[in-house]
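These are my notes on the model shown here. The points run from a helix pair to the chain contact and then to one chain as a whole.

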Amino acid sequence: MGKKNKTELWIALVAIALVYIVVIILEQTMSPGNILFTVLKKGAIYSLVAVSMNLLNGFTGLFSLGQAGFMLIGAYTYAILTMPVAVKLSDQVYKYYDCIIHFDTGILVGLICAGIAAAVFAALIGLPVLRLKSDYLAIATLGFAEIIRAIFQWNTLGPVTNGANVMREYKDLTSVVIPIINVRIPPTLFVFIVAGLCIAFIVLLINSSYGRAFKAIRDDEIAAEAMGINLFRHKQMSFVISSFFAGISGALLAMFQYTVVASQFKSAMTYEILLIVVIGGIGSISGSCIASFLYIALSEWWLRGLDMGKFLGIDAPGIFRSGFRRFIFSIIIMVIVLFFSRGLMGDKELSFRWLAKKLRRKRSGEAAAKGGGPNA
Amino acid sequence: MPENVLRLEDVTMQFGGVVAVNNLSLEVNRGEIVALIGPNGAGKTTAFNCVTGVYEPTNGIIRFNEEQIVANHPRGKMKKLYNGENAKKYVGSKTISPTPDEITKLGIARTFQNIRLWKSMTVFDNVLTAKHMRARHNVFSATLRISYAEEKRMREETEALLAEQNLLQYAGDLAVSLPYGLQRRLEIARALATDPALLLLDEPAAGMNPQETQDLGQFIVQIKDKYNLTVFMIEHHMDLVMQFSDRIYVIDFGKLICEGTPDVVQADPRVINAYLGVG
């Protein structure tokens, strides 16, 4: 059993390394304006937030819809912290307010603080909200997400959040530099590294003792409690960790977009993420990742032509006009839901078992051949 | 003087107008197998749920190893209307209402009447997860594999436990794919994984044929001796109850009607009346 798992693990690691190598090569060879990079970056960011939502919805069984709210907290925390002091004090961004935050931080500190800020909010919100179950929890978290958005747009907080106005001029993906050696990290690679590390943490968590406790709560709360798992503590933990990563992905999204504004983090964004989680398969990390890249590629790239009058070489501005993309997109989603009712991956993970088996057979074959050599 | 492991003192559980458990007092001594029997709806499972923290009793005290673990009175937290027997006895004393996981941590493990295994998990993971509570780790050390030694110990113990229960061959199977009798046994194994001193079994032989019931009885005696357990069980199979339990409590409509050794209980006319109706 152990050996089989090890081969699989190695194959998975090699596959992941290959993905990173491909990203590096692409970024060296293609022009940075290519749409592919938009898809890769946004896809990676959405993967992270989808996986963090899956940790809650799929693995702990908490149907929460607060993801956009926590992304907003992350995005704003990051923007406020990393905006250079000079910009804050001038009226480039804070046109109508006097910014009261007179310091700035580096990108890494900003990212971590973004996560922590979201996690702290989650811990506070979790106290009342996590006593609710199923649909009620969804409604309450959705409500809190909207409240967060309203608070960030509030005039009185303007000196911190710039009210309902756009935040910009903070450190974005083009300014990621490794300190001391002063090497610039390419934007897509940076997003992949951060998202990859975060997703790796979540995967490790899910496969740890705590992950099993989360699954126990999802499967049967009463049994979990009777076996000594403190329901509230574990739910709170899952909620806070999930929000931490939602905060980081919010910060990454802010970096990717160059500008960020509170009104973009509507509940529609949460539904978008929920859609990715459902299409990928509730309870499947690899499903969430695949689904988010597919979703972003479809909506940002492959189906773009449907809005522009041209699609797959067919020129029909009469049919293919603005809004047609959404129409096709809805049909695709319906087809997916009809034919993959449990999502693309169900609750399984992307498995390299077949490859592992093949490799092992080959190796044992070689060993047999070698062993047979001297005798023959 | 035998040593009490579990003692219920005047425990009452009232749901609205229904008194499910009425002024129930009983004790379970160390090393015994004690059965709680009674007709359907007598309040047996409710009594269990009061002990395990699922319900907060309306009145009364429950002690585990002479220590109060559950206590409540009509003027307590719930402010329930209750004027039955001993309603005034505990007024003014402090109330204790632990959650089920705190009870389990004290060393009381239970099984369920309708099997409640974790459906998406394998047999191995079901038992391993029950060890989570006693493990010395936190979420970071567990996630980052710093407490790998602890995880390894848990896995080895789980493997040993499954081997003892003859379940190791099913370790990789989904828990729900096991046949019914083995699911019952797995539930007991899972309860044992929490290192209990007292094991509460809620109808362990439900749905079993006489041979399986007989095997189960021997199994219970065997694990009791092996893990130094005290067993308190609810059961309807009279052959199991009469053959394997040291003492029996009989309740009907929430009230204790008889207690004693199997012979005493079998001969008691009140018990016969409760089960068969007054002749």
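**Notes on the predicted model**

1. Helix 12 of chain A passes helix 13 of chain A in a right-handed crossing (a crossing is left-handed if the near helix is turned anticlockwise from the far one by less than a right angle, and right-handed if clockwise). Helices here are DSSP runs of H or I with at least four residues, and strands are runs of E with at least two, numbered from the N terminus. The model is a predicted one, in which local features need pLDDT of at least 70 and side-chain atom pairs count only at pLDDT 80 or more, while totals for chains, interfaces and linings use all residues. Residues are numbered from 1 along each chain as its sequence is written, and chains are lettered from A and ligands numbered from 1 in the order in which they are written.

2. Helix 12 covers residues 267-280 and helix 13 residues 285-302 of chain A; the two pack at an angle of about 120 degrees with their axes 8 Å apart. Axes are lines fitted to C-alpha atoms, for helices over the stretch in contact, and angles run from 0 to 180 degrees between N-to-C directions. Helix 12 of chain A is therefore oblique to helix 13 of chain A (under 35 degrees counts as roughly parallel, over 145 as roughly antiparallel, 65 to 115 as roughly perpendicular and the rest as oblique).

3. From helix 12 of chain A, the contact uses A:I276, A:V277, A:I279 and A:G280; from helix 13 of chain A, it uses A:G287, A:S288, A:I290, A:A291, A:S292 and A:Y295. Contact requires C-beta atoms, placed from the backbone, to lie within 7 Å. Six of these residues are nonpolar, four polar and none charged (Ala, Val, Leu, Ile, Met, Phe, Trp, Tyr, Cys and Pro count as nonpolar, Asp, Glu, Lys and Arg as charged, and the others, Gly among them, as polar).

4. In the contact between the chains, chain A contributes 21 residues and chain B 28 residues. Helix 9 of chain A gives the most to the chain A side, with seven residues. That side divides into 12 nonpolar, four polar and five charged residues.

5. Helix 9 of chain A spans residues 209-219, and 11 of its 11 residues are buried (20 or more other C-beta atoms within 10 Å of the residue's own, with C-beta atoms placed from the backbone; exposed means 12 or fewer, partly exposed in between). Among them are A:R212, A:K215, A:R218 and A:D219.

6. Chain B has 10 helices and 10 strands. Of its 279 residues, 44% count as buried.

Notes
Two residues are in contact if their C-beta atoms, placed from the backbone, lie within 7 Å.
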